[in-house]
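Colleague: I'm new to this, and I keep tripping over the vocabulary. Could you take me through a structure and tell me what the words rest on?

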Amino acid sequence: MNPQEIVSFEPATGAILWRGAIGDVDAEVDIARGAWAEWASRPLTVRIETMRRFGNVVRSRLNEFADRIARETGKPLWEARTEVEAVIDKVDISVSAHNERTAHRRLEGALGVRNALRHKPHGVLAVLGPYNFPAHLPNGHIVPALIAGNAVILKPSEKTPATAEMLVECYYAAGVPEGVVRLLVGGPAQGKALAAHDGIDGLLFTGSAPTGLALSRLYAERIDRILALELGGNNPIVLWNPTDIHAAAVVIAQSAFTSAGQRCTAARRLIVEDGKQDAVLAELGKIVDRIIVGGPHDEPQPFMGPVIDNRAADLLQESFLGLMMKGGKPFRRLDRPVDDRPFLTPAIIDVTDVPDRPDVELFGPILQVIRVPSFEDAMIEANKTRYGLSASLIGGAPSLYDRFWANIRAGVVNWNRPTNGASSNAPFGGVGFSGNHRPGAYYAADYCAYPVASSETEQARASIGIGLRDP
Ligand code: NAD
């Protein structure tokens, strides 16, 4: 393979989908720097109108866009369509969020003095994206950043450049100047070089906690820059006295296996009351055995596609074996039904007897079951992670949910709903190693601009009433 290019393969078939030259970090930063001031000086209404046109462009290319995402990530076509719809919906959400969070405000002032709160864009923002939502997640930073008046350099995952290319084409087709959104094709080396570049004013990152930590270290002395980190999770479901066993099992399956488990909010751990798990596990097993794993365009449509590549599938299989070797008891194995392709079957393993369970994010379709004697122990177990992204209680009375809500450490806390069901009209982010307290989604506006407080009057009128000698 040419070391100067990035090649994107379709996970389901191994076919080459896209290839392109690795970008030049310095050149992209120069172009964006040259363009942002003019963009920032356009009236807000013009920037918002451009974003609305962007939504329309994406809508007009919905099928083509979904096909590209499905091919490049392997996710089923139905799911890729929901990702494109999320890209479109982001425009209205970002406009409302901008108005609510960062709109200009007149404040009370005395004696004709005008006090104002306004927001300014940072300048040039780098956006580093992951592969699991290659359009929706970068777009979730880019739309609010553009509305605020920033220029953006998008360095997508090296596994999903083709989707990023289409996204950027749509900004251009809507009238965003080419200097204002730049596509930097590359891998971790380009991500690192961009993050460290003196010509950017901030970094909006969505990806894994190890990369987030590396960026955090890199930024330890860069207090002059905004760094927003949206990272992974080791998310728990606590299952307690469910009234409807079937519905509980469905919510668990949706939490753990949607997107083949490649969601930052996917449930990784199922914490159950010891001795009462059999009925729910039996029901979960029945659902899991019915889950269709297949290619993105298969008919009938699968529930799960492959994971992103063979390397990811190998690592997941190694992790699953590792849990088994430490005493984990598989309830459903992690099988690889197609030789040489990264399809994995949904897996469930009881790890109650595994000592020192590793607190890592297994980014795939593996659910670990932990049995505990009491609800107190369930809470301790649920919080036994350095992450804190999402968590659900399934079952339980309202008073139990109150206890759960009060004691769990996570940025998304749900009741009888999947761990991955977060509203895009709400802020999204986690605590612990899941982020750095710069939540995205509805609060993305906050990290795309900085507040400026002004005290203003057209004529200087001033006197010093105390502490002066007589003239
Ligand atoms: P990743 O951390 O491997 O890569 C993310 C991006 O960072 C890619 O563009 C990559 O090229 C770049 N990169 C990698 N190493 C780098 C370095 N040292 N310096 C600078 N850039 C570097 O993540 P991934 O595997 O692509 O995505 C999956 C991860 O993303 C999971 O951990 C998942 O939980 C997380 N995720 C989080 C959210 C969220 O909103 N919290 C959403 C989706 C995915």
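Modeller: Sure, let's begin with two helices: the axes of H2 (residues 44-60) and H6 (residues 161-173) come within 8 Å and cross at roughly 130°. Bear in mind that this is a predicted model, where local features need pLDDT of at least 70, side-chain atom pairs count only at pLDDT 80 or more, and totals for chains, interfaces and linings use all residues. Residues are numbered from 1 along each chain as its sequence is written, and side-chain values use heavy atoms, with hydrogens and water left out.

Colleague: Why is H2 called oblique to H6?

Modeller: Angles run from 0 to 180 degrees between N-to-C directions, and axes are lines fitted to C-alpha atoms, for helices over the stretch in contact. Under 35 degrees is roughly parallel, over 145 roughly antiparallel, 65 to 115 roughly perpendicular, and the rest oblique. The H2 and H6 axes cross at roughly 130°, so H2 is oblique to H6.

Colleague: What makes the crossing of H2 and H6 right-handed?

Modeller: The near helix is turned clockwise from the far one by less than a right angle; anticlockwise would be left-handed. H2 passes H6 in the right-handed way.

Colleague: Which residues of H2 and H6 meet?

Modeller: From H2 you get Phe54, Val57 and Val58, and from H6 there are Leu167, Cys170, Tyr171 and Ala173. Contact here means heavy atoms within 4.5 Å.

Colleague: How do the residues of the H2 and H6 contact divide into nonpolar, polar and charged?

Modeller: Ala, Val, Leu, Ile, Met, Phe, Trp, Tyr, Cys and Pro count as nonpolar, Asp, Glu, Lys and Arg as charged, and the others, Gly among them, as polar. This contact has seven nonpolar, no polar and no charged residues.

Colleague: What about H9 and H10, at what angle do they pack?

Modeller: H9 (residues 245-257) and H10 (residues 278-290) pack at about 55°, with axes 9 Å apart. That makes H9 oblique to H10 as well. Their crossing is right-handed. Ile245 and Phe257 are among the H9 residues in the contact, and Glu283 and Leu284 among those of H10. By class, the contact has twelve nonpolar, one polar and one charged residues.

Colleague: Now strands: how do you know that E1 and E2 pair?

Modeller: Two strands pair if DSSP finds at least two bridges between them. E1 (residues 5-9) and E2 (residues 16-21) are joined by five bridges and run antiparallel, so they count as a pair. Ser8 stands opposite Trp18 in E2. E1 and E2 form a hairpin with six residues between them, and Gly14 in the turn has a positive phi of about 85°.

Colleague: What makes E7 and E9 edge strands?

Modeller: Their open sheet has five strands in the order E7-E6-E5-E8-E9, with parallel pairing. E7 (181-183) and E9 (226-230) each have a single partner strand, so one side of each is left without a neighbour in the sheet. The twist averages 15° from one strand to the next. Inside this sheet, E5 (residues 124-128) and E8 (residues 202-206) pair over four bridges, and Leu125 has Gly202 as its bridge partner in E8.

Colleague: And which strands form the antiparallel open sheet?

Modeller: That sheet has the order E3-E4-E19. E3 (105-107) and E19 (449-456) are its edge strands, each pairing on one side only.
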